[in-house]
Amino acid sequence: MGSKGKHTAERYAVVTGANKGIGLETVRQLASQGVTVVLTARNEKRGMETISKLHESGLSNVVFHQLDVLDQASILKLAKFIQEKIGRLDILVNNAGVSGAVVDEEGLRALNIDPTSWLSGKAANLVQGVIKHTVEKAEECLNTNYYGVKRLTEALLPLLQLSPAGARVVNVSSLRSELRKHHFKQRIPGEHIRKELGDIETLTEEKVDAILRKFLHDLKENALESNGWTLMMPAYSISKASLNAYTRILAKRYPSMCINCVHPGFVKTDLNWNTGIMTVEEGARGPVMLSLLPDGGPTGCYFDCTQVAEF
Ligand SMILES: NC(=O)c1ccc[n+]([C@@H]2O[C@H](COP(=O)([O-])OP(=O)(O)OC[C@H]3O[C@@H](n4cnc5c(N)ncnc54)[C@H](OP(=O)(O)O)[C@@H]3O)[C@@H](O)[C@H]2O)c1
């Protein structure tokens, strides 16, 4: 790694949850384009094995550091490592994520659901028998996909602010987050939820916290549907809608950076029990494009793969 602060033309990136899936492919594509990447994974062994494979494939500009976004000590250790070894950060890809559900994978395969029903949300009723949404999994999902991103980003912001050209922050979101109409239907039925999360003029982190508290309350009371939450991956959906809201709040606060969120596409990975239809190479395109945005590029936007889209 370059010595502290000297090589300003070099770019340094952190990618979270990068031992497999879209995260790993994002590391591979960024490193191939000359970015020095800190590949992070919560499991040291899985992370080190992944790094060895990348090195064997000829990518030497990749280093490993452990990171569990649920563990504040682990977050602080990573920030200290970057501070000491690099002295700044140019690109942060918040990719780590969990589904928030317990699934009977065999039962799911037996249903043989076609990908379009997954995408439209029509499969929501079909999968109720094989996908369970427990409170424990929902809490883990919000803590990982939303609070994990917040904690890590806050810890790295002092280093991101030192990026000479303005840092790029990419939050990997999902179409389950969308507040706009899709085929005449709303992915998140409750208008009040969509209104609060969609109004950038009045959005605050405290408001997002309140929405998430209400969600967990309604889940515990078995009252999701009657309160306007979706039944299609409910915790995942609201975690990503909150992540988009946070992306917009941050983009407003740090106008010199490019801070965006992106739906990578419906990609075949472990997260969706390999029901996806796109390859990881295709799925990483959006996150990579947003990591390498030219100066003056968009900020505070949501992208559907590589295209800017409505929230
Ligand atoms: N695949 C899709 O169709 C799709 C669609 C929309 C959005 N996304 C988003 O894309 C991102 C990547 O997902 P993927 O599809 O590539 O799934 P994946 O292959 O399951 O990868 C998820 C990664 O996140 C890591 N992770 C989970 N909890 C973590 C934690 N507490 N700390 C650090 N890392 C953690 C996992 O680590 P372990 O290996 O240790 O479990 C894994 O490396 C996620 O944010 C997901 O929501 C995916």
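Which side chain does a polar contact of 2.9 Å join to that of N171? I started my notebook there, working on a predicted model. The partner turned out to be T247, side chain to side chain.

**Entry 1: the N171 and T247 pair**

I looked up where the two residues sit. N171 belongs to strand β7, which covers residues 168–172, and T247 is part of helix α10. So the 2.9 Å contact is one between a strand residue and a helix residue. Next I checked burial. N171 has a relative accessible area of 0%, and T247 has 0% as well. The cut-off for buried is under 20%, so N171 is buried, and T247 is buried too. I also took one distance from T247: its C-alpha atom is 11 Å from that of F311, with the two positions 64 residues apart along the chain.

**Entry 2: the ligand**

I turned to the ligand and listed its surroundings. There are 30 residues around it, and R46, N95, Y236, V267 and T269 are the closest. I sorted that shell by class and got 12 nonpolar, 12 polar and 6 charged residues.

Then I went through the ligand's oxygen atoms for short distances to N or O atoms. V267 has a backbone N or O atom 2.7 Å from a ligand oxygen. For N19 the side chain is what counts, with an N or O atom 2.8 Å from an oxygen of the ligand. G17 uses its backbone again, at 3.1 Å from a ligand oxygen. How much of the ligand does the protein bury? The ligand alone exposes 910 Å², and 95% of that is buried by the protein.

I also asked which pocket this is. The ligand takes up the space of the largest pocket. Two elements give two or more residues to the shell around the ligand: α1 (21–32) and α10 (234–253). I noted α10 in particular, since T247 from my first entry lies in that helix.

**Entry 3: another residue of α10**

I picked A241, also found in helix α10. Its relative accessible area is 3%, so I put A241 down as buried. For a long-range check I paired A241 with K80: they are 161 residues apart in sequence, and their C-alpha atoms are 30 Å apart in space.

**Entry 4: A79**

A79 sits in helix α3, residues 72–85. Is A79 buried or exposed? I found 10% relative accessibility, so A79 counts as buried. From A79 to T153 I got 9.9 Å, C-alpha to C-alpha, across 74 residues of sequence.

**Entry 5: two positive phi angles**

Most residues other than glycine have a negative phi, so I looked for exceptions. N112 is one of them, with a positive phi of about 55°. W273 is another, also with a positive phi of about 55°.

Where do they sit? N112 is in the loop between α4 (105–111) and α5 (115–120). W273 is in the loop between β10 (258–263) and α11 (280–283).

I then compared their burial. N112 has 65% relative accessibility, above the 50% cut-off, so it counts as exposed. W273 has 12%, under the 20% cut-off, so W273 counts as buried. My note to self: two loop residues with positive phi, N112 exposed and W273 buried.

Methods:
Residues numbered from 1 in each chain as written. Predicted model: local features only at pLDDT ≥ 70, side-chain atom pairs only at ≥ 80, totals over all residues. Heavy atoms only, no water. Near = heavy atom within 4 Å. Polar contact = N/O pair within 3.5 Å; in protein donor to acceptor, adjacent residues only side chain to side chain. Areas by Shrake-Rupley, 256 points an atom, 1.4 Å probe, with all protein chains shown as cover. 1 Å grid on protein atoms, 1.4 Å probe; cavity = no way out; pocket = protein on both sides within 12 Å on 5 of 7 lines; lining within 4 Å. Sits in = over half its atoms within 2 Å of the grid points. Helix = DSSP H or I, 4+ residues; strand = E, 2+ residues; numbered from the N terminus. Nonpolar A, V, L, I, M, F, W, Y, C, P; charged D, E, K, R; others polar. Buried < 20%, exposed > 50% of the residue type's maximum accessible area, 1.4 Å probe, protein only.
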